[in-house]
Amino acid sequence: MTPDVRDRAGRPSRANSLTGTAVPEAAWDRAVRLIGQAEEIALACHVTPDGDALGSMLAVGFALRSMGKRVVASFGDHHFVVPRLLRFLPGQEMLVPPEDYPAAPSLMITFDASTFERLGLLRDNTARAREVIVMDHHPSNEGFGTLSLIDSTAAATAMLAEQLIYRLRGRLDRDIATCLYAGLVTDTGSFRHSSTTPAVHQMAARLVATGLRTDEIARELWDRSPFGYLKVLAAALDRAVLEDGLVWTYVTRVDRAAQGLPYAELEGIIDIVRRTDEAEVAVVLKEDDHGHWQVSTRSKGRADVGAVCAALGGGGHHNAAGYTSYDSVEKTMAAFRRELGKV
């Protein structure tokens, strides 16, 4: 349990710096009203969810269920499977496949989805929803719902999720804290990224105070991989190219198929490639099950890869962003180099 961190009006105290949120107070108030009036609330996060997307969604789902709300949660992937690294998260009984998701929700909340397209198979459901609350921290998010709870200064959507939970007069328990902590540590790179502020550490302290086993969470997120991952990683590193401050490589469907490795297992490759001392920017192209290239990018600070990816149809942050390419590896990298040269 956490100490009471509300002010006299029942809101989270600014003095406690829960997030330093830039969301207008009127937006929070409207979100609380909409949730209070709803009987069923449909939650959705972006496709191929990471720890911040799925963790934030499940944490809020727990809080809503404690209020007596009916909760349904999903993500819009054709192959609806929770990534192996996130299967330790509690609350997955709330998840339903996209085909079982409400066709036209009265109230829908999206998590960590920077664009409408990032909702995948749930885009039509979102378009038919009466009210859509968008919770996100990506600078490229322009707000595709009826209410925006967007703060690009927040290190993770989990920080906004915690803020909402408190505003709903919720309390942190171990299940909620586990989900929020997974979101916080994944999007801050285990507190290594420049987005790690005092507010991040203060939130981590609140979560750990519930009795979390942070060592077990870290082991699940970063210290486990099937043997086939090592083979695929070796192939990717073997074809890595270093050119004028840019290091890049790619992973094909054939690479994965040879090892029986699902696409979701490729997430960590970019964090190995980005270590290259001679490179300011790192890029990994990952061929998904449909033959498209999912492009992950990282910057050490000088180059704004968020702007590059936005120009190419994606988005993200200054130092970490991505997009989808439907061209060949050669054409994809040529387009990336052109846009990189503009920032």
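## Glutamate 339 and its helix

Glutamate 339 sits in helix H12, which covers residues 329-340. This is a predicted model, and in it glutamate 339 has a relative accessible area of 17%. Buried means under 20%, so glutamate 339 counts as buried. Setting aside residues up to four places away in sequence, glutamate 339 touches Val308, Ala311 and Leu312.

## The sheet of five strands

Let us turn to the first of the sheets described here. Five strands form an open sheet in the order E2-E1-E3-E4-E5, and their pairing is parallel. At the edges are strand E2 (70-75) and strand E5 (147-150), each of which pairs on one side only. From one strand to the next, the twist averages 20 degrees.

You can follow the pairing from strand to strand. Strand E1 (residues 40-45) and E2 are joined in the parallel sense over 6 bridges, with cysteine 45 opposite phenylalanine 75 in E2. E1 also runs parallel to E3, and 4 bridges join these two strands. Here cysteine 45 has phenylalanine 111 of E3 as its bridge partner. E3 then pairs with E4, again in the parallel sense, over 5 bridges. In that pairing, phenylalanine 111 is matched with methionine 135 in E4.

## Strand E3, covered on both faces

How many residues of E3 are buried? The count is 5 of the 5, so this strand is largely enclosed by the rest of the structure. In a regular strand, side chains alternate between the two faces of the sheet. In E3, Leu107, Ile109 and Phe111 lie on one side, Met108 and Thr110 lie on the other, and all of them are buried.

Threonine 110 makes a good stopping point within strand E3. Its relative accessibility is 0%, so threonine 110 counts as buried. Which residues does threonine 110 touch, not counting those up to four places away in sequence? They are Ala44, Leu119, Val132, Ile133, Val134, Met135 and Phe144.

## Helices around this sheet

Helix H2 (residues 51-66) packs on the sheet and touches E1, E2 and strand E3 (107-111). The direction of H2 makes about 170 degrees with that of E1. Helix H4 (residues 157-167) lies across E3, strand E4 (131-136) and E5. H4 runs at about 125 degrees to E4.

Another helix, H3 (residues 123-128), joins with E3 and E4 in a β-α-β unit, and this unit is right-handed.

## Helix H5 and its cover

Helix H5 (residues 174-187) is 14 residues long. From its first C-alpha to its last it reaches 20 Å, close to the 20 Å expected at 1.5 Å a residue. Is H5 largely enclosed or largely open? Of its 14 residues, 11 are buried, so H5 is largely enclosed by the rest of the structure. Among the buried residues are Ile176, Leu180, Tyr181, Leu184 and Asp187. The elements covering the buried residues of H5 include H2, H4, helix H6 (198-208) and helix H7 (214-222).

Leucine 180 gives a closer look at these surroundings. Leaving aside neighbours within four places in sequence, leucine 180 is in contact with Gly55, Ala59, Ala158, Ala161, Glu162, Ile165, Leu172, Met203 and Leu207.

## Two nonpolar cores

The largest nonpolar core has 62 residues. Within this core, the residues with the most contacts are Leu43, Ile133, Met135, Leu180 and Leu207. Which helix gives the most to this core? That is H2, with 9 residues. A second, separate core has 17 residues, including Trp248, Cys309, Ala321 and Phe336.

## The sheet of six strands

Six strands make up another open sheet, with the order E6-E7-E8-E9-E11-E10. The pairing in this sheet is mixed. Strand E6 (241-243) and strand E10 (315-316) are the edge strands, and each pairs on one side only.

At the E10 edge, E10 and strand E11 (residues 320-325) pair in the antiparallel sense over 2 bridges. The bridge partner of glycine 316 in E11 is alanine 321, a residue that also belongs to the second core.

Definitions and conventions. Residues numbered from 1 in each chain as written. Predicted model: local features only at pLDDT ≥ 70, side-chain atom pairs only at ≥ 80, totals over all residues. Heavy atoms only, no water. Pairing = 2+ DSSP bridges. Axes fitted to C-alpha atoms, helices over the stretch in contact; angles between N-to-C directions. Contact = heavy atoms within 4.5 Å. Buried < 20%, exposed > 50% of the residue type's maximum accessible area, 1.4 Å probe, protein only. Right-handed = clockwise from strand over helix to strand, strands pointing away. Core = buried A, V, L, I, M, F, W, Y, C linked by side-chain atoms within 4.5 Å. Expected span 1.5 Å × (residues − 1).
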